[in-house]
Amino acid sequence: MESVARGKTKWRRFAVVMVPSVAATAAVGVALGQGALAASFSISGQQTKIAVDRLEGTGFVQYGTVAKQHGGKTVPVAVSAFKKAEISGLCQSVVIPVPGFGDMSLRLAAGGGSKKVEASNLYIDADSLGAEAEFRNINIGVAAGDASKGPSVGKGDNVPGGNFAQEADSAVLTDVQQNAWATNAGTFKLTGLKLDVKKGKDECF
């Protein structure tokens, strides 16, 4: 794989760090009780599992940073951001330990059938991702401070301007499975939203 690619590029089954953890996509900004918030806030101690049938996004950028948990612990994440994204078949789940009760699962679904989830200025902090991905006009290794195709570096993200980043005019991800710490969006339209709360573990994958 070349360090810089122009035109149409495909990657198969990749793991994050320098690949769009975007899928997270939809980490359902609602946070699902999980602390999905901007990087300037403390994140919770639970991750969300996110599964997406298909994500089509424009204006993509990705860079690495660390997210701070409540209590001060930091975790490394890949931040993937889109100016606009449309998501089909979104599932997000989080398992929350409740003292004296055990595990409680929150599972959210949206964007089924012909309906799509829509988001703008979408940021996802994740540490693992599996998907089929296709990018158009991708630049790999661009300086974070010079990336111009996607949203600007998120507020609170400690990312020097010369740090590694990648960007693309657009991206399509299918069969996405991702573990995310946080999600933030300017707008998040969850069409066909359905939320289930159950005792025990009921995860998307």
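The protein chain contains 0 helices and 8 strands, and its elements, read from the N terminus, follow the order β-β-β-β-β-β-β-β. The model discussed here is a predicted one. Of the 205 residues in the protein chain, 47% are buried, and the accessible surface amounts to about 9,500 Å², with 50% of that area belonging to carbon and sulfur atoms. Among contacts between residues at least 6 apart in sequence, 82% join residues that are at least 24 apart.

**Strand pairing around β6**

Strand β6, which covers residues 164-184, is joined to β2 by 14 bridges, and the two strands run antiparallel. Within this arrangement R54 stands opposite T174 of β6. Strand β6 is also joined to β5, in this case by 17 bridges and again in an antiparallel sense, and here the bridge partner of Y123 is N184 in β6.

A residue that illustrates both of these pairings is V172, which is placed in strand β6. Once its neighbours within four places in sequence are left aside, V172 is in contact with R54, L55 and E56, as well as with E132, A133 and E134. For the last of these residues the separation can be stated in two ways, since V172 and E134 are 38 residues apart in sequence but 5.3 Å apart in space, taken from C-alpha to C-alpha. How should the exposure of V172 be classed, given a relative accessible area of 26%? Because this value falls between the limits of 20% for buried and 50% for exposed, V172 is described as partly exposed.

**The aromatic cluster**

The structure holds 2 aromatic pairs. In one of them the ring centres of F60 and F82 lie 5.2 Å apart with the ring planes at 45°, so the pair is tilted. This pair links distant parts of the chain, as F60 belongs to strand β2 (residues 48-68) and F82 to strand β3 (residues 74-98), with their positions 22 residues apart. F60 and F82 are both buried.

The rings of F60 and F135 also form a tilted pair, with their centres 5.8 Å apart and their planes at 40°. Since F60 lies in strand β2 and F135 in strand β5, this pair ties together parts that are 75 residues apart in sequence. Both partners are buried, F60 at 0% relative accessibility and F135 with a relative accessible area of 0%. Through these ring pairs, F60, F82 and F135 are linked into a cluster. The geometry of the pairs is set out below.

| Ring pair | Centre distance | Plane angle | Class |
|---|---|---|---|
| F60 and F82 | 5.2 Å | 45° | tilted |
| F60 and F135 | 5.8 Å | 40° | tilted |

A further contact involving an aromatic ring is that of K199, whose charged end sits over the ring of F101 at 4.1 Å from the ring centre.

**The disulfide**

The structure holds 1 disulfide, which is formed by C91 and C204 with their sulfur atoms 2.0 Å apart. The torsion about the S-S bond of C91 and C204 is about -85°, so the disulfide is left-handed. Which parts of the chain does the pair of C91 and C204 link? C91 is located in strand β3, whereas C204 is in the segment after β8 (194-199), and the two cysteines are 113 residues apart. Both C91 and C204 are buried.

**Two buried strand residues**

S120 lies in strand β5, which spans residues 117-143. With a relative accessible area of 18%, S120 is counted as buried, because the limit for that class is under 20%. Its contacts, apart from neighbours within four places in sequence, are with F82, K83 and K84 and with A185, G186 and T187. F82 thus appears both in this list of contacts and in the aromatic cluster with F60 and F135.

T65 lies in strand β2, and at a relative accessible area of 9% T65 is likewise buried. Leaving aside neighbours within four places in sequence, T65 is in contact with V75, P76, V77 and V79, and also with D157, N158 and V159.

Key
Residues numbered from 1 in each chain as written. Predicted model: local features only at pLDDT ≥ 70, side-chain atom pairs only at ≥ 80, totals over all residues. Heavy atoms only, no water. Helix = DSSP H or I, 4+ residues; strand = E, 2+ residues; numbered from the N terminus. Buried < 20%, exposed > 50% of the residue type's maximum accessible area, 1.4 Å probe, protein only. Contact = heavy atoms within 4.5 Å. Areas by Shrake-Rupley, 256 points an atom, 1.4 Å probe, with all protein chains shown as cover. Phe/Tyr/Trp six-rings, centres within 6.5 Å; stacked < 30°, edge-to-face > 60°. Lys NZ or Arg CZ within 6 Å of the ring centre and 35° of its normal. Pairing = 2+ DSSP bridges. Disulfide = S-S within 2.5 Å.
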